[in-house]
Amino acid sequence: MKKFIWLLTLIVALSMILTACGAAAPAATEAPVVTEAPVSATEAPVATEPPAAPAEPFRVAVIMPSAINDLAFSQSMFDALTRIQEEMGGTDAFEFVYSDGMFNVDDAAAAIRDYATEGYDLVIAHGSQYGSSLQEIAPDFPETSFAWGTTAETFGVPNIFAYEAASQEGGYVNGVLAATLSTSKVIGIVGPIEVGDAKLYVDGFKAGVATTDPAVKVNVNYIGSFSDVALASEAATTHIAAGADALTGTAQMVVGAIGKAEEANALWFGTQSNQTSLAPTIVVASQVYHWEVALREIITLINSGTLGGQSFKANLANGGEVVEFNPDYALSADATALAESTIQGIIDGTITITLP
Amino acid sequence: MKKIIQSEWVSRLIDASLPVFAALAALLLGAVMLFLLKVNPIEAYKALWDGAFGSTNAFAETLVKATPLLLVGLGICISFRGDVINIGGEGQMIIGAILATWVGLNFTGLPGWLVITLSMFAGFLGGAIWGGIPGVLKAYFRVNEILSTVMMNAIAVQMMNFLLRGPMIDPSQAELASKIPQTARLLEIFRLPRLAPTRLHLGALIAVILAVLVYILLWRTTLGYRIRAVGQNPNASRYAGIKVQRYVVLALLLSGAFSGMAGATQVFGVNYRMITDGSSSGFTGSAGFNGIVAALFGQLHPILTIPASILFGALLVGANKMQRVVQVPSALIIALNGLVVVFVVSSEFWRRRRQRRRLAAAKQNDESPPQSDPEQYQQVESGA
Amino acid sequence: MISELFTVTVLIGILASGIRLATPYLYASIGETFGQRSGVLNLGVEGQMLLGAFAAFYVALTTGSLWLGILAAMIVGALMGLIMAFVTVNLHAQQGISGIGFYLFGLGLSDLLFQKLMGTVETVKGFPPIKIPWFSSIPGVGEIFFSQNILVYGAYLLVPLAWFVLNKTTLGLKIRSVGENPDAADSLGVSVARIRYFTIILGGTLSGIAGASLSIALLNVFQQNMTSGLGFIAVALVYFGAWRPWGVLGGALLFSMVNSLQLWIQVLGIPIPSEIAVMMPYVLTILVLVITVSRVRAPSALTKPFERED
């Protein structure tokens with residue numbers, strides 16, 4: 001009996017892990033996004049390469065706090081790097097590696113230092129919690145360029161770039177739209193904690209609502225976590241029960257809230273990445289970060305010998321932020337016009353967003 | 001099995017290396033996973049080794065990682081010996097760090113050594129409070145400590161989030177729209193001195209000294225004796241006149257205090273400020289949990305917890321390096337750590353069996369039992 | 001604003017949300033109750049939940065069958081339980097620490113599989129709410145109790161069932177005796193190992209369902225670390241309930257109701273910092289236990305491996 005249990009358990013344990021990974025392996029080749037950079041580096045054809053391409057690829061390492069497929073903050077950077085790679089002509093010209101799930105600041109610091117030691121041209125610390133570490137590390141590697149966000153702070157260090165998103169701008173546009181489309185005149189917001197990018201977006205959204213229709217009530221819920229999808233979904237349900245027929249939210253746990261909005265047929269306004277795929281019938285628009293706008297400039301500067309000292313803003317004017325409308329959502333002509341004039345107004349400065 | 005008479009020394013060596021073999025077995029299983037992810041396991045594990053021990057800097061990083069594990073682990077040695085399960089290390093680290101940071105940011109007029117000392121004490125105190133509360137609740141209100149420490153962890157995280165975006169926020173951030181939730185940086189004179197041109201800081205040395213002190217506390221003082229006695233048999237202790245409740249509180253309080261120290265050394269030795277990403281592990285790196293693992297690998301013995309922490313720290317640091325070199329998702333690293341923990345804890349079985357056999361053999365040969373006292377084992381078993 | 005808390009809409013909202021939020025806790029905590037009653041502490045609940053949540057979601061996504069999803073979650077949870085049982089029963093491993101190991105393993109593996117098999121956050125059509133005829137049309141009560149999805153109903157049916165099994169059946173008697181006095185149970189011919197295998201596998205299965213209840217019933221997505229500490233709360237609630245299914249129900253409901261209360265407090269704009277609101281369920285759970293001092297002892301053999309004296 002005892003031997004049997006032994007054997008059985010071992011077999012089961014092994015088979016479980018093996019089937020899990022075995023199933024994973026073939027799928028990995030089907031979804032090339034994740035493994036592409038390191039694996040296919042040597043296989044990429046060189047024949048069609050334009051002669052102007054540099055002999056050495058531009059090498060980037062990026063540290064991200066959550067997973068590359070979080071449909072939020074980390075994914076926005078991963079997608080941007082993928083786009084840059086395509087633009088520059090594949091892995092021969094642009095190579096990037098990443099460390100995901102670096103929520104711990106110490107581990108991130110070790111990773112930043114290590115990538116710098118490995119001689120990457122640019123090390124991106126994609127999270128405002130990493131700034132302090134960068135300030136320590138960058139002076140030790142004067143030949144390496146560092147970038148971090150979201151912030152405008154370069155600490156006056158000559159090899160640190162900073163980038164930030166004016167997430168209040170897209171928030172404002174979303175807010176204007178939401179206030180226009182809401183018939184119940186109640187709007188709900190689900191947020192993680194009241195800081196940084198999330199707060200900026202929420203404040204912008206509120207400002208947009210207030211200018212469009214001061215009578216609309218905006219209820220805000222910070223659930224105190226970036227990962228608790230269950231609580232995020234109940235927060236959405238609570239908003240709906242309180243009368244909201246339009247919802248928005250920021251950070252990766254809102255995927256839990258979008259489903260509840262869909263069930264109640266309430267509208268959803270996304271941010272950070274395009275969230276249309278999660279609920280094609282009710283997502284009106286998503287503010288999407290296109291970090292490649294800032295990255296392009298950073299890369300140009302590095303190639304010309306400037307390793308830092310400047311900060312970049314991703315906003316509607318420079319295309320670093322784009323409000324992507326859901327083509328499947330039938331937005332009325334009036335609303336579309338309003339959204340577009342709002343975007344134009346923010347771009348040319350006729351609309352100024354006052355934050356609290 | 002035949003009775004093989006081995007020298008004491010060889011036996012002990014085999015005993016000590018069993019967990020290492022178990023970890024290797026787990027890594028072997030991990031190799032299969034790596035292979036299926038189309039990664040060369042040899043290359044991957046070479047990176048792991050290099051990341052943990054490959055250079056002076058790598059080893060220093062390992063020690064930096066091991067420091068909070070050891071400090072939390074010391075606390076765990078005390079509480080588990082007292083038969084109190086403290087899984088509130090995360091929260092205790094956070095509160096300790098908050099208090100220490102507050103001291104570091106507000107007594108800027110005092111000399112550096114004094115502020116560092118005061119801050120370490122503040123960390124100790126903060127952890128003691130956050131551990132003492134569950135202690136009192138357990139001793140006097142019969143609130144189970146697993147429940148209260150889990151809840152207190154969540155409460156501490158929210159306190160941190162609130163303080164770092166409000167009352168304690170970096171004044172320069174308070175003016176900006178981005179409002180990064182962090183405190184101001186500590187003055188340079190208030191930082192724990194570095195021991196080499198690496199990130200290794202004085203905290204590591206403090207932790208080792210404290211390990212010796214905890215050993216003395218547990219085995220050479222009445223206080224330690226009573227904590228252990230209460231842990232082994234509360235009823236007998238009560239009859240012997242020990243105020244059991246008091247020692248339950250003390251066990252949790254001291255345990256929390258060491259976790260609080262761990263939080264304080266992270267701020268004063270590594271980060272030089274507190275930053276939150278909204279979760280506890282953003283600040284602690286899960287040391288509050290991993291410290292439990294380290295202590296139990298060290299058989300709840302303060303001195304053995306030192307190498308256990310270093311090995312576990314090496315695994316964590318090396319695995320991160322491996323992630324970077326072979327570009328596997330960090331999720332694999334977490335799963336691998338889990339496997340190692342399960343395998344190592346399971347290997348205890350063979351060690352215990354060997355020990356029992358040795359004991360039986362010793363009895364048969366009418367010799368005095370070997371020094372590795374079986375009594376220690378009983379405590380380990382009743383600990384968790 | 002505070003007076004708004006006492007309107008009918010809000011009260012119904014709090015109760016209905018609380019009932020839903022308690023669902024994953026109930027499955028996981030009842031499973032853990034069985035384990036602890038037989039003397040085994042499983043701290044790996046969170047890992048089992050995550051693997052269950054992923055298995056359910058992935059199978060539902062690829063086959064289109066939610067019930068196959070539930071089955072997959074049960075199988076994965078049971079397998080995790082089986083390994084856990086082997087490690088704790090046969091190898092006498094430290095239960096606290098091996099549980100942490102299983103937690104890490106489940107956390108990592110579920111995320112890895114998610115990244116490799118799916119690559120991005122996707123959605124399924126989850127279990128729809130089932131309106132129980134007649135009952136669901138009672139004002140208020142209907143919305144709270146009789147318009148939930150099938151897994152929510154299942155969780156609440158599990159409570160009396162667990163109570164019955166533990167207290168009124170021979171199996172329950174065996175489980176309790178193994179947890180209280182394994183030596184005596186053994187001498188009476190009860191196989192301590194077999195009982196513990198049973199309870200740990202049952203616990204794993206229920207944790208798997210708890211995960212599934214998140215990913216394909218309460219929500220319709222899977223995301224890395226989506227349980228976010230829920231599994232540890234579930235373990236804590238077993239202590240709150242003093243190892244009794246009804247007590248666990250009380251704890252799960254209290255915790256969840258206060259959690260939905262704090263969501264409402266924020267929504268109504270009652271001016272307290274959001275962090276203080278978020279803290280409320282944790283603080284109140286402790287406070288309630290302080291006030292209602294429990295006299296119930298833990299099972300005597302909890303966390304103690306059983307070795308037959310030869």
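Arg199(B) sits buried in this predicted model, with a relative accessible area of just 12%. Its side chain meets that of Glu61(B) in a salt bridge, 3.0 Å from N to O. The two partners come from distant parts of the chain: Glu61(B) belongs to helix 3 of chain B, while Arg199(B) is in the loop between helix 7 and helix 8 of chain B, 138 residues apart. Glu61(B) is tucked away as well, and at 10% relative accessibility it counts as buried, because the cut-off for that label is under 20%. Elsewhere, Asp114(A), Glu118(A), Lys321(B) and Arg324(B) are joined into one network by salt bridges that share partners.

Arg199(B) and Glu61(B) turn up again in the lining of the second largest cavity. Ten cavities of 30 Å³ or more were counted, and the second largest holds about 120 Å³ of space. Chain A contributes Asp106(A), Asp107(A) and Ala110(A) to its lining. From chain B come Glu61(B), Val64(B), Lys65(B), Pro68(B), Arg199(B), Gln266(B), Val317(B), Asn320(B) and Arg324(B). Three elements give two or more residues each: helix 4 (105-117) of chain A, plus helix 3 (56-81) and helix 14 (302-326) of chain B. Helix 3 of chain B supplies the largest share of this lining, four residues. As for chemistry, the lining splits into six charged, four nonpolar and two polar residues. Arg324(B), one of the lining residues, is also a member of the salt-bridge network with Asp114(A), Glu118(A) and Lys321(B).

Back to charge pairs: over all chains, the structure holds 24 salt bridges. Side chains of opposite charge can pair when their charged atoms come close. One such bridge is formed by Glu136(A) and Arg185(B), with N and O 3.1 Å apart. Glu136(A) lies in helix 5 (residues 131-137) of chain A and Arg185(B) in the loop between helix 7 (171-175) and helix 8 (202-220) of chain B, so this bridge ties two chains together. Both ends are partly exposed, Glu136(A) with a relative accessible area of 25% and Arg185(B) with one of 24%.

A local pair is found in chain A, where Glu263(A) forms a salt bridge with Lys260(A) and the closest N and O atoms are 3.5 Å apart. Here the partners are three residues apart in helix 9 (residues 255-263) of chain A, so about one helical turn separates them. Their surroundings are quite unlike each other: Glu263(A) counts as exposed at 56% relative accessibility, whereas Lys260(A) is buried, its relative accessible area being 9%.

Over in chain C, helix 1 (residues 8-37) runs for 30 residues. From its first C-alpha to its last, helix 1 of chain C reaches 40 Å, close to the 44 Å expected at 1.5 Å a residue. This helix is not straight throughout: a bend of about 35° is seen at Thr23(C), and a proline, Pro24(C), follows within four residues. Helix 1 of chain C is also mostly covered, with 26 of its 30 residues buried. After the helix comes Gly39(C), with a positive phi near 100°.

Terms used. Residues are numbered from 1 along each chain as its sequence is written. Chains are lettered from A and ligands numbered from 1 in the order in which they are written. This is a predicted model: local features need pLDDT of at least 70, side-chain atom pairs count only at pLDDT 80 or more; totals for chains, interfaces and linings use all residues. Side-chain values use heavy atoms; hydrogens and water are left out. On a 1 Å grid over the protein atoms alone, a cavity is a set of points where a 1.4 Å probe fits but cannot get out, and a pocket is an open set with protein on both sides within 12 Å along at least five of seven lines; lining residues have an atom within 4 Å of a point. Grid points are joined across faces, edges and corners, and a volume is the space filled by probe spheres set on the points. Ala, Val, Leu, Ile, Met, Phe, Trp, Tyr, Cys and Pro count as nonpolar, Asp, Glu, Lys and Arg as charged, and the others, Gly among them, as polar. The expected span of a helix is 1.5 Å times one less than its number of residues. The bend at a residue is the angle between axes fitted to the seven residues ending there and the seven starting there. Buried means under 20% relative accessible area, exposed over 50%, partly exposed in between (1.4 Å probe, protein chains only). A salt bridge is a side-chain nitrogen of Lys or Arg within 4 Å of a carboxyl oxygen of Asp or Glu.
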